[in-house]
Every structure is written in structure tokens, then in C-alpha cells.
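Here is a short set of exercises to work through with the model open beside you. Try each task before reading its solution.

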Amino acid sequence: MIARENSQDSGSFYEESGRYRGLLSWLFTTDHKRIGILYLISVLSFFAAGVVLGLLMRLNLIDPGRFISERTYNSLFTVHGVIQIFLFIIPAIPTTLGNFFLPLLIGARDVAFPRINLLSWWLFILGGLIVVLSVFTGGGAPDTGWTFYAPYSIRTTSNVSLALFGVFILGFSSILTGLNFVTTIHRLRAPGMKWFRMPLFVWSLYATAWTQILATPILAIAVLLLVLERMFGIGFFDPTKGGDPILFEHLFWIYSHPAVYIMILPAMGVVTEIFPVFARKTVFGYKAIAFSSLAIAFFGYLVWGHHMFTSGMSDTSRIIFSLITFLVAVPSGVKVFNWIATLYKGSIEVYSPLLFSLTFIFLFSIGGLTGLINGTLSLNLYIHGTYFIVAHFHYTMFGGAGFGFFAGLHYWFPKMFGRMYNERAAKTACFIMFIGFNLLYFSMFVLGLQGMPRRYFQYLPQFRTNHIISTIGSWIFVAGLLIMFGNLIWSLRKGKKAPNNPWGGKTLEWQTSSPPPRENFEEIPVITHGPYKFD
Amino acid sequence: MEKTETVHAVHARDIEGAKMGMWVFLFTEMLLFGGLFLLYSVYRSKYTADFHRSAAELDIVLGTMNTVILLTSSLTMVLSISALRKGHRGLSSLFQGMTILLAIIFLVNKYFEWSAHIHQGIYPDSPVLLAMKRGDIIFFSLYFVMTGIHGLHVLIGAGVIAGTLVFTTQGKLGPDNFVMLENTGLYWHFVDIIWIYLFPLFYLIV
């Protein structure tokens, strides 16, 4: 198969086949690769919208009230959160890179349920459009924050019900993807692809898929009850009717904390694929990395209470939640040390995927370690609901999951599109984004420790300097983003043709042509050894 | 093109995979109801006395009837699968039809039960209900929401069985291709099991 270098013409999946032509051949495709591309376009469009909203928030904070009103600001941080969480970072890696590469990595021709895969994309688009619609209709864009805490979310006249309904549908889409991946990994591995011969990205997708399956239904019922609460006044979360708003917080975080691992685990999987390839060395501690994915998913399910340390909970529960929160750091640390050990004494070639991965480690480590500060009961009282939290989760989610996604995008771009991008531009973009990111969010750590509360429209004069630094950082960061995506989009047409295996990767996707043929492999490969065998 | 067809055929024949997908889906359904059962248990421990009093107002005869109806429908469902596996399409269709009929009877019963409460002025956010104690408000809201979402599942289940019934009569399902009916059966038993928990929690513990 390797002898077929550059033979991109033999039936790439971009060529039309089947019943439909043109746009319809995409909208009704059941090919996991095409669905991956559909998701990529949709997810990145929502991401762009979320970034613009974030920029507007930062713009307000450079001089509160000059550009944006209070009401608009409340909607900005709500819709920014909803879009970036539910429409970008949760689906980002599993539905794009996961859909495209999971079957390729395990030597399958497609996922287990190709039509359900398409259905899940349709539901994603439907849910996304409903969320967008909620911004422009009814009583105005939701203003509750992405957490939809009761009782305010019951009382507000803004268009919360529609947004919640959109989130409900998105949850359905996410569950179907998870269900599909679990079944695919169990049933469709190529002959000889034993569990411990699977690439580690597959392991991380497996852990993610289970989390999607086991956590998302709780979100579904929580938002459904909130909609019923608003429509029929059932009173479950309304103290005047005997309900308890804190129960909503519990239900919400029973999903939304594991969701954090739905976001970060696939990114960890992506960089785990990248390090061995660019260090020309087998991955260090294969089983440790595989099991740590499962351990993170497992512990991640049991720590939701740490979002509610100040909400009213018994000391016993708070101590237990705090303890388990610390335990999550162990498998995360195991991963970081394994990545570094993989690089140690390797023949390192710094291409942009590796650069993004290294940035990932740096930013994620800051995010992870500040997570321990948040998880400490005494410190949490002090920083709860401040910019410290905002900085922390942007370091983990954006610096972690986001940069992991960018790393994967650069790593697999040649395979997905059959073109190379400009390496220099990619590195420059990564560098600018790194600078911008730290200006944008590190200043928020300082602001948080100084006592600046999150979601506030206005602030005291002593916070001004850091707010200005943060806003300037947001401009630099977006400049980097524009260069990065500009480079990738330019390369779609103008880039050099990609060879089948530009990085010398050993996993299965590199053994087929770039872009892959419709059926992925001429013949289903037979696997005789582990995924990272470098000589 | 031909190759694409074979791949999908291979997928379609992966009975294990299809069943696994269904089981995983049922996990998610279980957790969806799990959230509701969680609320129930919290509020039950908070308002024990109110829950006892309110539960006594539910119609235990209708509740018991519905339990028997739903359990019987599970039996007819199983019989329809056995019949199909043995190649008796007509018999299988008959049992599937009976299952749908029982589902409809269940929903009609539920309708009468709900209307009786609504005529008394008891429904979420009603003035009569809001005048009652807090535990009563929560009990009846839980009752309407939980049996309502369960009823929705019965309705969806009946719809799906109607689909398999059409496929069976058209000959698309048969002794060598019964996994769709079997999965439908799994779903139906799940709906049944949820009711088996709802019944004692709302009607029996008084």
C-alpha cells in the first residue's frame, strides 16, 4: 500500500458516488469522512461566532458601557458560553477528527451505524440553529449564563426555553455519537487489532464516548425539567412551591462536570498520537495512558460537587468532593509525564503539530494546576465566582482542548484534504496565539485573586490595568487565529499535494492514500503489532 | 458502488453490534429517568408525610390495571419475537398488533386518570394545588412529570412497534432478520420496567 504514494485519484471520498450529486451528496452522506468534514465546517462556524461574542465582551470591559449595554453584555456571556461549550468544544474533536479518523485508525470501513451518524449531524445542526434562533426571537437572547441556574432561569423573560430546547437536542446528538463510537470500537476493529494494539486516540475517544453516554442524559432531563418549569410551573426548582434550586445545580453539574472531560480527553488523545511521531519513538507507558483515560472519565463522574462548594452542602460531602477532585489530578499527571518521557531522548522534529502539542502541555498544565487551587475547600471560598475561575477553565478548555484540536487539525490536515499547508505560517500563528492567549487569560488569574467577580459588567478602578491587558491580548490572540485558519483555508486549494505519509506516522490512517479512498482501505489490514513501532 | 452495498450489508448483519447499540441507548434512557428518580428520592425524604397523604389520593385500581396491561404487553412482545424467529410472520404480526392495542389501552387509562385529577383542579401550578402543602405540590408535579414522560415513551414505543408491524407484514423482517424487532422488544421491556418502579413509588407506598 505504501507503494501507492501520491495516487490520490483512485476514488477519493471527495468524488461523488451513490444516489445524490453536489450538495445533496454531502447532506445525505453516510460516509464517516464526509460527516467528519460536515461537522468540521459546522463546528468551526459556531466557533467563529463564539469568538466574535467573546471579543465583544472583552471590548466592553476595556471601557464598560461605552460600546455595549448591560443587558446586551449579560446575553453576550451567556450565548458565548452556550456556543463555545455545546456547539464548539464538546463536539469539536470527537465529531470532526473522531468521526474522520476513528474507523481509519482501527482499520474499519465506517462506523457501526453510518445512518445514525448522519442523524446525529442533522440533530446537531437543528439544535445549533434553535440556539441561534433563541438569540433573535421571543424575549431576547438568554441572559442567565451558560449554567442556567434556577431560580433566575425560571423568572427571566429572556428566551431561555428555546435555548434549553436547543441544548436538549444537542445532547441527543452527542449521545448518538457516543453510542456509535462505543459500538464501533467494540465491533469493527480490524483483524489482529487487540484492545492494547489500538492507537491511544481511540482509547481516549472510547473513554469520551462512555462519558457522553453516561452523563448527557442527566443534562437532558435537567434542561427538560427547566423548560417544563417555565411552561407549566411544576415547581421542582422553585422554592415558593417547595422545590429546591440547588437540586438543579446538582443535576446540571452531574452532566457538566463530566462534560469537561468530554472536552479534554479527546485532546489528550490527539497529542498522544502526535508526540511519538515527531519524536520518532514509541509512546512511553502505553497502558498507563490508556488506563488514565478511563480513570479520568471515571473520577470525572464523581466530582461535580466542586462547582458548588459555596452553594450549600454538608461539610462531609464537600470534603469528599474535594478529595476526589484531587484524585483526578493523578491520571492527568500520569499523562503529562508520559508525554514528556516520550519526547525524552527522541529525535525530535518540531513541525507545527508538535508545536501546538507542546503549547497544549504548557497551557493545560497551568489550567490543571490551578484546578487544584480551585478544588481546595479553603481557597475555593476565596476565589469562587471570580475571574480566577474564568482563567482556569479557559486554560484547560481553550488552552487544553482548543490547542489540542488545533494540533490535531494540523497533524491530520494533509490526510483529510490531500494538501500541505504553509509550515512557517502555522508556526507563526501558533506563536502569536500563545502570546495572545497568555495576555488574555493570565491577567484574569491576577484579576481573580484581586477579587474581580466574573460576569460583572462594571468594575472598580483598581482592576482597570489588567482588564486592558486582557483585552489587548484578545486582539493578539484573534490575529493568530486568523493567520492559522487563513493558512489552512488557503492551503485547501493552493497547498502542495500531500504525500500519503508526510510525517512518517505508523498508525493505519497513514498507510492509505491522502485523501483516503471511499472505502478507507483497499483491503482491510491485518494488525500484528502495536501502533507506534518506530525503528 | 457495489462495494458500498456490501459494506452496509455487513453492518446490517452485525446483530451483536445492533443489540449492543440498543443496550447502550437503554443505559442513557435509564439515566434520564435516573435524574427523575433522584429528585423523587430527595423530595420524598424531605416531605415524607405529605407524600404519604398525597399518594393515597391516586386511583390504585387504575394503577394496578395499568400494571397488568403493561406486563401483558411485554408478554405479547416476547411472543411476537419468538413467532418471528420461528418463521410465523402472521402470528408475529398478530402479537405485535396486540402489544400496540395494550399500549393504547394503557394510555387511555392514563388519560382518564389524569383527567380525573385535572377536574379536581389538581395539575401543576393550579390554584388548588398551590393552596396545598409544599410536599403535595411536589408530589403531584412529580406524578404528572414522571408518568407523563413515561407515557411519552409508551407512545413512542407503540409507534416503533407499528413500524416493525408494517415491516413484518411486508416481509422485510423474518426469521433471518429479526434484530430490529428484538431491539424494539428490548425498548418495550425497558418502558415496562420503568413503570414497575413508578407504580409502587406513586400508588403503593401510602
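**Exercise 1. Where does R280(A) lie?**

Step 1. R280(A) sits in the loop between α8 and α9 (286-300) of chain A. Helices here are DSSP runs of H or I with at least four residues, strands are runs of E with at least two, and numbering starts at the N terminus.

Step 2. Now look at its backbone: R280(A) is not a glycine, yet its phi is positive, about 50°.

A note before you go on: this is a predicted model, in which local features need pLDDT of at least 70, side-chain atom pairs count only at pLDDT 80 or more, and totals for chains, interfaces and linings use all residues. Residues are numbered from 1 along each chain as its sequence is written, while chains are lettered from A and ligands numbered from 1 in the order in which they are written.

**Exercise 2. Describe the fold and confidence of chain A.**

Step 1. Count the elements: chain A has 15 helices and zero strands.

Step 2. Check the dimensions. Along the principal axes, the C-alpha atoms of chain A fill a box of roughly 70 × 50 × 45 Å. The radius of gyration of chain A is 23 Å, which agrees with the value near 24 Å for a compact globule of 535 residues; this radius is taken over C-alpha atoms, and the globule rule is 2.2 Å times the number of residues to the power 0.38.

Step 3. Read the pLDDT, the predictor's confidence in each residue from 0 to 100. Chain A has a mean of 94, with 98% of its residues at 70 or more. Over residues 1-9 of chain A, however, pLDDT stays under 50.

**Exercise 3. Find two cis peptide bonds in chain A and place their prolines.**

Step 1. A150(A) and P151(A) are joined by a cis peptide bond with omega about 0°. P151(A) is in the loop between α4 (114-136) and α5 (152-155) of chain A.

Step 2. S514(A) and P515(A) are also joined by a cis peptide bond, with omega about -10°. P515(A) belongs to the segment after α15 (464-494) of chain A.

**Exercise 4. Describe how α3(A) packs with α8(A), and α11(A) with α14(A).**

Step 1. Two packed helices are described by the angle between their axes and the distance between the axes. Axes are lines fitted to C-alpha atoms, for helices over the stretch in contact, and angles run from 0 to 180 degrees between N-to-C directions.

Step 2. Helix α3 (residues 70-105) of chain A meets α8(A) at about 40°, with axes 8 Å apart. The two are therefore oblique to each other (under 35 degrees is roughly parallel, over 145 roughly antiparallel, 65 to 115 roughly perpendicular and the rest oblique). Residues in this packing include I89(A) and L97(A) of α3(A), and M263(A) and V270(A) of α8(A).

Step 3. Helix α11 (residues 352-375) of chain A and α14(A) pack at about 10°, with axes 9 Å apart. They are therefore roughly parallel.

**Exercise 5. How many residues does each chain bring to the contact of chain A with chain B?**

Step 1. Chain A brings 31 residues and chain B brings 30 residues, where contact requires C-beta atoms, placed from the backbone, within 7 Å.

Step 2. On the side of chain A that touches chain B, α6 (160-187), α7 (200-232) and α8 (245-279) of chain A each supply at least two residues. α7(A) gives the most, with nine residues.

Note on methods: Contact = placed C-beta atoms within 7 Å.
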